[in-house]
Amino acid sequence: MSKKIYVGNLPFTASDDEIRAMFGEYGTVESVSLITDRDTGRPRGFGFVEMSSGASEAIQALNAKDMDGRSLTVNEARPRS
C-alpha cells in the first residue's frame, strides 16, 4: 500500500524530477504532484509525493532539510476534510 506525503515550503524553482530523485533515495516513488496556482499557473510552493516503500524513512530524513535556502516541511499527508 502506498503512502502519500505532503512536502511544503518548496522553492518555486523545484521540479518534479528533482523531488522524485530526492525521495527516490529512500524508496519507490509512485508519483509526484507539485501544486500550481489555478489562475496564473505558477508554483504554490508545496506538493505531494506518493511512495510504495520507504515513506517513513524519507519523512524522517527530509523533514527540515535545506533545499535552495528553504527548510522543507515533510510529513504524512492528511486526508481532505
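In this predicted model, the element that contributes most to the lining of the largest pocket is β3, which supplies 3 residues. The space in that pocket comes to about 290 Å³, and its walls are formed by K4, Y6, S33, I35, R44, F46, F48, A77, R78, P79 and R80. Two or more lining residues come from each of β1 (3-8), β2 (29-36) and β3 (43-51). Sorted by class, the pocket lining holds 6 nonpolar residues, 1 polar residue and 4 charged residues.

Besides this open pocket, the enclosed space can be described. Rolling a probe the size of a water molecule over the atoms shows where empty space is left. The structure contains 1 cavity of 30 Å³ or more, and the largest cavity has a volume of about 50 Å³. Its lining is made of L10, P11, F12, A14, L34, I35, P43, R44, G45 and F46, with β2 and β3 each supplying at least two of these residues. For the cavity, β3 gives the most to the lining, with 4 residues. I35, R44 and F46 appear both in the pocket lining and in the cavity lining.

The table sets the two spaces side by side.

| Space | Volume | Lining by class | Contribution of β3 |
|---|---|---|---|
| Largest pocket | about 290 Å³ | 6 nonpolar, 1 polar, 4 charged residues | 3 residues |
| Largest cavity | about 50 Å³ | 8 nonpolar, 1 polar, 1 charged residues | 4 residues |

The strand pairing places β3 in a sheet with β1, since these two strands run antiparallel and are joined by 6 bridges. Within this pairing, K4 has E50 of β3 as its bridge partner, and K4 is also one of the residues that line the largest pocket. The strand β1 is also joined to β6 (residues 73-76), again in an antiparallel arrangement, through 4 bridges, and here G8 stands opposite T73 in β6. As a general point on such elements, in a regular strand the side chains alternate between the two faces of the sheet.

Turning to the interior, the largest nonpolar core comprises 18 residues, among which I5, I19, F23, V49, M51 and V74 touch the most other members. At least two residues of this core are supplied by each of β1, α1 (16-24), β2, β3 and α2 (55-62), and α2 gives the most, with 4 residues. The surroundings of M51 can be followed in more detail: once its neighbours within four places in sequence are left aside, M51 is in contact with M1, S2, K3, I5, F23, Y26, G27, T28, V29, E30 and A58. Two of these partners, I5 and F23, are themselves among the core members that touch the most others.

Two loop residues deserve a note on backbone geometry. Most residues other than glycine have a negative phi, and most peptide bonds are trans. A64, in the loop between α2 and β4 (66-67), has a positive phi near 75° although it is a residue other than glycine. D68, in the loop between β4 and β5 (70-71), likewise is not a glycine and has a positive phi of about 50°. Are these residues buried or exposed? A64 counts as exposed because its relative accessibility is 53%, and D68 is also exposed, with a relative accessible area of 56%, the cut-off for exposed being over 50%.

Technical notes:
Residues numbered from 1 in each chain as written. Predicted model: local features only at pLDDT ≥ 70, side-chain atom pairs only at ≥ 80, totals over all residues. Heavy atoms only, no water. 1 Å grid on protein atoms, 1.4 Å probe; cavity = no way out; pocket = protein on both sides within 12 Å on 5 of 7 lines; lining within 4 Å. Points joined across faces, edges and corners; volume = space filled by probe spheres on them. Nonpolar A, V, L, I, M, F, W, Y, C, P; charged D, E, K, R; others polar. Core = buried A, V, L, I, M, F, W, Y, C linked by side-chain atoms within 4.5 Å. Buried < 20%, exposed > 50% of the residue type's maximum accessible area, 1.4 Å probe, protein only. Contact = heavy atoms within 4.5 Å. Pairing = 2+ DSSP bridges.
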